[in-house]
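Here's a quick walk through one chain, written for someone who likes to know the cut-offs. Have the viewer open while you read.

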Amino acid sequence: MATWHEICEKGEIMFSFSWVIGSGENAQGGNTNDVQLESVLETVDLILEKSGSVTLDMVDGDQIGPESLQVETDGSKSVISLGENTSDDYIVRTFTNTSGLANDETVSILGNEWDSRLVCEDSGIVKAIIKEFLSTGNVSRDLLS
């Protein structure tokens with residue numbers, strides 16, 4: 001299997017990357033089409049430490065299939081979603097917390113209320129999802145259903 005850099009250099013998968021670190025008046029963000037795995041993961045580390053969001057969009061991707069991955073984080077709690085085009089609809093796949101900690105409560109992330117079952121508190125899982133999306137253009141249904 002080709003490495004992430006080889007895939008990007010061959011032009012097989014191209015992404016744009018946007019981010020916001022922090023929230024409110026102190027928020028800082030940016031975007032680029034020069035997507036490097038190391039810089040994406042550094043930004044993910046920053047939002048995990050503080051708060052913010054990262055979005056990876058496929059550029060000139062297929063009409064059918066994954067299109068955009070977004071991670072929103074506040075206080076080390078993340079909501080991860082993958083937007084995907086099907087032949088007749090647009091669906092959003094999300095991380096689902098299967099641990100015994102998830103319940104019917106809601107969690108506030110960046111001012112939005114989320115069902116606690118959609119919240120990931122494991123930075124390793126967040127990073128694994130980002131890496132998989134950047135290397136394959138998709139995320140397994142084991143991670144995002």
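## A buried serine, then the rest

At 8% relative accessibility, S51 counts as buried, where buried means under 20% relative accessible area, exposed over 50% and partly exposed in between, with a 1.4 Å probe and protein chains only. You'll find S51 in strand β3. Skip the residues up to four places away in sequence, and S51 touches V20, I21, G22, S23, L46, T73, D74 and L110; contact here means heavy atoms within 4.5 Å.

Before going on, some ground rules. This is a predicted model, so to speak with its own filters: local features need pLDDT of at least 70, side-chain atom pairs count only at pLDDT 80 or more, and totals for chains, interfaces and linings use all residues. Numbering starts from 1 along each chain as its sequence is written, and side-chain values use heavy atoms, with hydrogens and water left out.

**The overall layout**

The chain has three helices and nine strands. Those are DSSP runs numbered from the N terminus, with helices being H or I of at least four residues and strands E of at least two. Read from the N terminus, the order is α-β-β-α-β-β-β-β-β-β-β-α. Of the 145 residues in the chain, 38% are buried. Take the contacts between residues at least 6 apart in sequence, and 52% of them join residues at least 24 apart. The chain exposes about 8,100 Å², with carbon and sulfur atoms supplying 45% of that; the areas come from the Shrake-Rupley method with a 1.4 Å probe, and for residues only the protein chains shown count as cover.

**The core**

Which residues have the most contacts inside the largest nonpolar core? They are V40, L56, L69, I80, I130, L134 and L144, in a core of 26 residues. A nonpolar core is a set of buried Ala, Val, Leu, Ile, Met, Phe, Trp, Tyr and Cys residues joined through side-chain atoms within 4.5 Å. At least two residues each come from β1 (14-21), α2 (37-49), β3 (51-59), β4, β5 and α3 (123-136), and α2 gives the most, with six. Zooming in on V40, its contacts beyond neighbours within four places in sequence are F17, V35, L56, I130 and L134.

**Two helices packing**

The axes of α2 and α3 come within 11 Å and cross at roughly 150 degrees. Axes are lines fitted to C-alpha atoms, for helices over the stretch in contact, and angles run from 0 to 180 degrees between N-to-C directions. That makes α2 roughly antiparallel to α3, the label for angles over 145 degrees. From α2, the contact uses L37, V40, L41, V44, D45 and L48, while α3 brings S123, V126, K127, I130, K131 and L134.

**Two odd loop residues**

Neither residue in this table is a glycine, yet each has a positive phi.

| Residue | Phi | Loop | Relative accessibility |
|---|---|---|---|
| S76 | about 65 degrees | between β4 (65-74) and β5 (77-85) | 35%, partly exposed |
| L110 | about 55 degrees | between β7 (106-109) and β8 (112-115) | 26%, partly exposed |

L110 has already come up as one of the residues that S51 touches.

**One last strand residue**

T106 lies in strand β7. T106 and R117 sit eleven residues apart in sequence and 8.5 Å apart in space, C-alpha to C-alpha. Beyond neighbours within four places in sequence, T106 is in contact with E113, W114 and S116.

Note on methods: Parallel < 35°, antiparallel > 145°, perpendicular 65-115°, else oblique.
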